[in-house]
Amino acid sequence: MSEIVPILFEGEPVPARAGESVAAALTAHGIRGFRITRTAAERGMFCGMGVCQDCLVEVDGLPGRRACMTVVDRPLTIRRQRHGQALPTQTSELPPATIDELEVERPELLVIGAGPGGLCAAIAARRAGAEVVVLDERRSPGGQYFKPVAVAGDDIQPPDAQHREGLALVAQARAAGVVIRSGVSVWGAFRPLEFAATSGTGETQRYLPRAVVVATGAYERPWPVPGWELPGVMTTGAAQTLWRTARRLPGRRVMIAGNGPLNLQLAAELHGGGADVVAVVEAAGSPARSPGAAAAMALASPALVVQGLAYQWRCLTGGVPMLHNMVVSSVEPRGDGLAVTLTGGGAMRVLETDVLCLGYGFEPSNELLRALGCRHDHDGMRLVTWRDADGQTSVPGVYALGDCTGLGGARVAAADGTLAGLAAAAGLGHAIGPELARDRKQAAATAQRHRRFQQALWTVYRAPALAIAQVPDDTMICRCEEVRFGAARAAIADGLADAGSVKRATRIGMGPCQGRYCRPLLESLISEATGKAPDELSGFAPRPPFRPVTIRDLAGKS
Amino acid sequence: MSLALPATIGTVVIGGGVVGACLAGFLADEGQDVLVVDDGRGAGSSANAGSLHVQMQSRFMRLYPEHVPNMELQLPLYPKAVAFWRELGTSLNADFDLKMTGGLMVAESQDQLDFLKLKAARERQLGLDVEILDRAQLDAIAPYFGPAIVGAELCANEGKLNPLLCNAAIRSWILARGVVLAEGVNVAAITRAGQGFSVATTRGTVACGRVVLAAGSGTRPLAAGLGLPVPAVAEPLHMNITEATAPLIGHLVQHADRMITLKQFGTGQIVIGGGWPARQDSPGGHAEVELASLIANASLAQHIVPSIGHLRIIRTWAGLNTSVDGMGVLGAVPAVPGLFVAIPGDAGYTLGPLSARLVADVMLGREPGEDLNPFRPERFA
């Protein structure tokens, strides 16, 4: 049996598994409402990866803790976070601090993010002779692709091939001499090349590397429909984290809706884990309608196609209904669960579920790159970091790769990681020997091949974009500040024509997630109203801290 | 809005911050046609942290001791400026989240308290409502300070407001009055043309009878182009805001010897500022925050009010304050008929609406009710 740690939630005992997140333990016991908003609404886990700030709880009397990022490593007393609640009064005072009192590290190469791309970059640079430190916010390396299993016991389903691949990569990095620091959140980047980070124990550090590789990945793109803020609505990634890291199901009945293959993988995994997958709702049509693109995928990466077919097979044989050409158009509470309205092709269906997972693509986590002044171009959907073929950005010494620079998936990130790691090492004066040069050539070819795969994949999964004009006025645009589309439209109609002005007039984007979900939506609204294409400056300016940080953590060693 | 600018208009106000916007509103209230041109970067007003300053800020006294006589000259305007904010809120029927809580400048040592006593004595002579509190008296009205604080100067005329609410209400008011608001437009040059001016902008040229320079430190190059030296400099400053918590800090809090302002908005969020530097790489460029200021400012805040240590900072930002010589630059420029300057002074947001009204009075031929001679724009010539 897995080790059970007793935690208390609002005074009620909840048996948690050692190593899982507070969010996983609560979810497994049917608790979905964590935070209470200003308007007394309940919010639950949404992103499951520390971005959205909707799962805030009070842990052992300390407010503002993210349930999804808080590890159950000892008995904990958990309470709901209530908006504007009073602070604990017994707080010792710390003397005023200066930046000179912060611990400073000067690694030769700093890699931010320990997903496949960051790890491959670190390994490549280390092999070329660079001294490499990797920082990662999660408790163990692997990122959002590998999502390492965090619980143990004979009742726990063992790691699968994807997990094992991640463990092997981490082991390879460590064996090569890469220093990996987990539980370190990098929340500030300052020009020319300075980073601020806080460790899990609250120590704030400054990193002044000679070069940096930014591999901070992506988070789910919002799908704003009435009710998308309700507890029980979460991202596909959040549900996958529950299952892959904690072996917990998000609910008994789960509906998975969105666009792309990740939703199918989640359906197969949750079905295998015993969930009743109500339906997989795919915005695109059936893959059978694009045989050419499917063939191109098979040529570029037969293994990934086989994997995709396996997920599909597991869903089919498991009796999971696949609904193509449909999207979620609203969600409302019904009984203990949710009633989800689906529309598409002139049809409408209402299905009931306990949990709705939304997976409508990704947004790059590019705030560090933007703060450093790296050039970005807007491709109409999202910002793409300008990089040369080796991953060097427009700022000397700053390399970037993977989903934070645009999107491309784990395989592209890994191959680009090798390229960027070698380029960074070369830029630092390390020689790239013949063996590494061969690896570089191979990585470049692999990256190209997987880019072709991605291109074909998204041809197969081509779906209509969100019709921003059709989103009803009473739909939440800013989840943090509880501002609705109607308020955004009114401000724009009032003549405000840039995101910053609308933000100041409406509070859209002023909450703790820093506008990560409302920003692309507001940008689209403004672009549609003004006819001006979004660009590098049309969103909100990057404002540290990119993760909220307590004043005590800034004030010095806890 | 990418609408074409009018070819001719009565008055062009350059700068759409609190001063320029209010001034345009006061002129429009009297039926004048006004164009406000703003470069859209919202250098000062949109970044303001909402303090209603009255007592002399120790920061400026330390940084610019030579400005103290000028600061004292303008001091009587400060309580009037705060009162005028209240009047403006009433006349616009707007909620500014304005609270007349009083302001506390805290001391950590007897030396600092002695400095506050001297300062308070001088301020009392100049008409301010100030008193010195020892720790016990302080605890009776403000039970949130940490052990380091020994006493404070209380200035009853001080308070706070939420600039986001103010800016939005002022914008609605002037748009309703028919002011033409050109945002995201830069002024390249102002030249004399006949009895008036020709204002060249990035969206075309506008002919007008009168020009008001209300662009903070951006006034300097524009005034220089018309032969008027105005030594206004931009002071890039750092600010922080926390998530919301229950009502805790009622007053506007400052420190006798360290740079800080600390206040809580009606939203429950605590704003921490007070003059820590931000970085501006090029004149007119965006100001950016620096880690050193964030660390120093935030750690000082919890040193003064320890219980906020567990609160999370959710955002920092930088804005530009405008500093001249400890005083505002207000009024007509006799050597250049039709030219007016409106730079409010050290606490620009506090002084903004009143400064705008005084200059509007001059332009409208009304008696401003204050001696504006000390603030005359030509004093640097």
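Helices and strands here are DSSP runs, a helix being H or I over at least four residues, numbered from the N terminus. The model is predicted.

**Exercise 1. The end of α13(A)**

Task: Find which residues of α13(A) are buried, what covers them, and what phi A:Arg507 takes just after the helix.

Solution:
- Step 1. Apply the cut-off: a residue is buried if 20 or more other C-beta atoms lie within 10 Å of its own.
- Step 2. List the residues that pass. In α13(A) they are A:Ala499, A:Ser501, A:Val502, A:Lys503, A:Arg504, A:Ala505 and A:Thr506.
- Step 3. Draw the conclusion. Seven of the eight residues of α13(A) are buried, so the helix is largely enclosed by the rest of the structure.
- Step 4. Look for the cover. From chain A it includes β30 (483–484), α12 (485–493) and α14 (518–530). Chain B adds α7 (163–176) to the cover.
- Step 5. Step past the helix. Just after α13(A), A:Arg507 has a positive phi of about 75°.

**Exercise 2. The contact between chains A and B**

Task: Describe the side of chain A that touches chain B: how many residues, from which elements, and of what kinds?

Solution:
- Step 1. Count both sides. Chain A brings 43 residues into contact with 40 residues of chain B.
- Step 2. Assign elements. On chain A, at least two residues each come from β6 (62–66), β12 (184–190), β13 (194–199), α13 (499–506), β31 (549–550) and α15 (551–555).
- Step 3. Pick the largest share. It belongs to α15(A), with four residues.
- Step 4. Sort by kind. The chain A side holds 23 nonpolar, 13 polar and seven charged residues.
- Step 5. Check for strand pairing. β31(A) pairs with strand β18 (residues 312–323) of chain B, antiparallel, over two bridges. Within this pairing, A:Val549 stands opposite B:Ile313.

**Exercise 3. Backbone exceptions in chain A**

Task: Locate the cis peptide bonds before A:Pro192 and A:Pro545, then the positive phi values at A:Asn325 and A:Glu482.

Solution:
- Step 1. Recall the background. Most residues other than glycine have a negative phi, and most peptide bonds are trans.
- Step 2. Take the bond from A:Arg191 to A:Pro192. It is cis, with omega near 0°. A:Pro192 sits in the loop between β12 and β13 of chain A.
- Step 3. Take the bond from A:Pro544 to A:Pro545. This one is cis, with omega near 0°. A:Pro545 sits in the loop between α14 and β31 of chain A.
- Step 4. Turn to A:Asn325. Its phi is positive, near 60°. The loop runs between β20 (322–324) and β21 (327–334) of chain A. With 17 other C-beta atoms within 10 Å, A:Asn325 is partly exposed.
- Step 5. Turn to A:Glu482. Its phi is positive, about 55°. The loop lies between β29 (476–478) and β30 of chain A. With 18 other C-beta atoms within 10 Å, A:Glu482 is partly exposed.

**Exercise 4. The domains of chain B**

Task: Give the domain bounds of chain B, the separation of the domain centres, and the contact between the domains.

Solution:
- Step 1. Read the bounds from the domain assignment. Domain 1 covers 8–46 + 165–232 + 325–380, and domain 2 covers 98–159 + 233–323.
- Step 2. Take the centres over C-alpha atoms. For domains 1 and 2 of chain B they are 30 Å apart.
- Step 3. Count contacts. In chain B, 11 residues of domain 1 touch nine residues of domain 2.
- Step 4. Sort the domain 1 side. It divides into four nonpolar, five polar and two charged residues.

Note on methods. Residues are numbered from 1 along each chain as its sequence is written. Chains are lettered from A and ligands numbered from 1 in the order in which they are written. This is a predicted model: local features need pLDDT of at least 70, side-chain atom pairs count only at pLDDT 80 or more; totals for chains, interfaces and linings use all residues. Two residues are in contact if their C-beta atoms, placed from the backbone, lie within 7 Å. Ala, Val, Leu, Ile, Met, Phe, Trp, Tyr, Cys and Pro count as nonpolar, Asp, Glu, Lys and Arg as charged, and the others, Gly among them, as polar. Two strands pair if DSSP finds at least two bridges between them. Domain bounds come from an automatic or database domain assignment. A residue is buried if 20 or more other C-beta atoms lie within 10 Å of its own, exposed if 12 or fewer, and partly exposed in between; C-beta atoms are placed from the backbone.
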